[in-house]
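Student: I should like to understand how the aromatic residues of this protein are arranged. Could we work through the structure together?

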Amino acid sequence: MRSFYHYLMTYRGKKKPDDNSQLADWAFYDHNFPRHSTDYDELSSYLEWNSPFAAALVTFDALWDDYKK
């Protein structure tokens, strides 16, 4: 299974940014983001401590649901 980060990168670079692309762009530039992780708890915990914007955790949860399909 590919990492969540790899999945998230499919949302980068939108001309009209939305929460998904904001999270993807932030993760791309955050060199400490757990890029090889497929573990919800590890990623969620990281975002709780380093949330880049108010809706980041809600956005992550929605993306995680799609990622796990």
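Tutor: Rings of Phe, Tyr and Trp pair if their centres lie within 6.5 Å. Please bear in mind that this is a predicted model.

Student: Which residues form one aromatic cluster?

Tutor: The structure holds 15 aromatic pairs. One aromatic cluster is formed by Phe-4, Tyr-7, Tyr-11, Tyr-40, Phe-60, Trp-64 and Tyr-67.

Student: Is the pair of Trp-26 and Phe-33 stacked or edge-to-face?

Tutor: A pair of aromatic rings is described by the distance of the centres and the angle of the planes. For Trp-26 and Phe-33 the centres are 6.0 Å apart and the planes stand at 90°. Planes over 60 degrees apart count as edge-to-face, so the pair of Trp-26 and Phe-33 is edge-to-face.

Student: How are the planes of Trp-64 and Tyr-67 arranged?

Tutor: Both residues, Trp-64 and Tyr-67, lie in helix α4, three residues apart, about one turn of the helix. The ring centres of Trp-64 and Tyr-67 are 5.0 Å apart, and their planes are at 50°, so the pair is tilted.

Student: Is Trp-64 buried or exposed?

Tutor: Buried means under 20% relative accessible area. Trp-64 has 9% relative accessibility, and therefore counts as buried.

Student: Which helix gives the most to the largest nonpolar core?

Tutor: The largest nonpolar core has 19 residues, and Phe-4, Leu-8, Leu-23, Phe-33, Phe-60 and Leu-63 have the most contacts inside it. Helices α1, α2, α3 and α4 each supply at least two residues of this core. With five residues, the helix that gives the most to this core is α4.

Methods: Residues are numbered from 1 along each chain as its sequence is written. This is a predicted model: local features need pLDDT of at least 70, side-chain atom pairs count only at pLDDT 80 or more; totals for chains, interfaces and linings use all residues. Side-chain values use heavy atoms; hydrogens and water are left out. Rings of Phe, Tyr and Trp (its six-membered ring) pair if their centres lie within 6.5 Å; planes under 30 degrees apart count as stacked, over 60 as edge-to-face and the rest as tilted. Helices (H or I, at least four residues) and strands (E, at least two) are DSSP runs, numbered from the N terminus. Buried means under 20% relative accessible area, exposed over 50%, partly exposed in between (1.4 Å probe, protein chains only). A nonpolar core is a set of buried Ala, Val, Leu, Ile, Met, Phe, Trp, Tyr and Cys residues joined through side-chain atoms within 4.5 Å.
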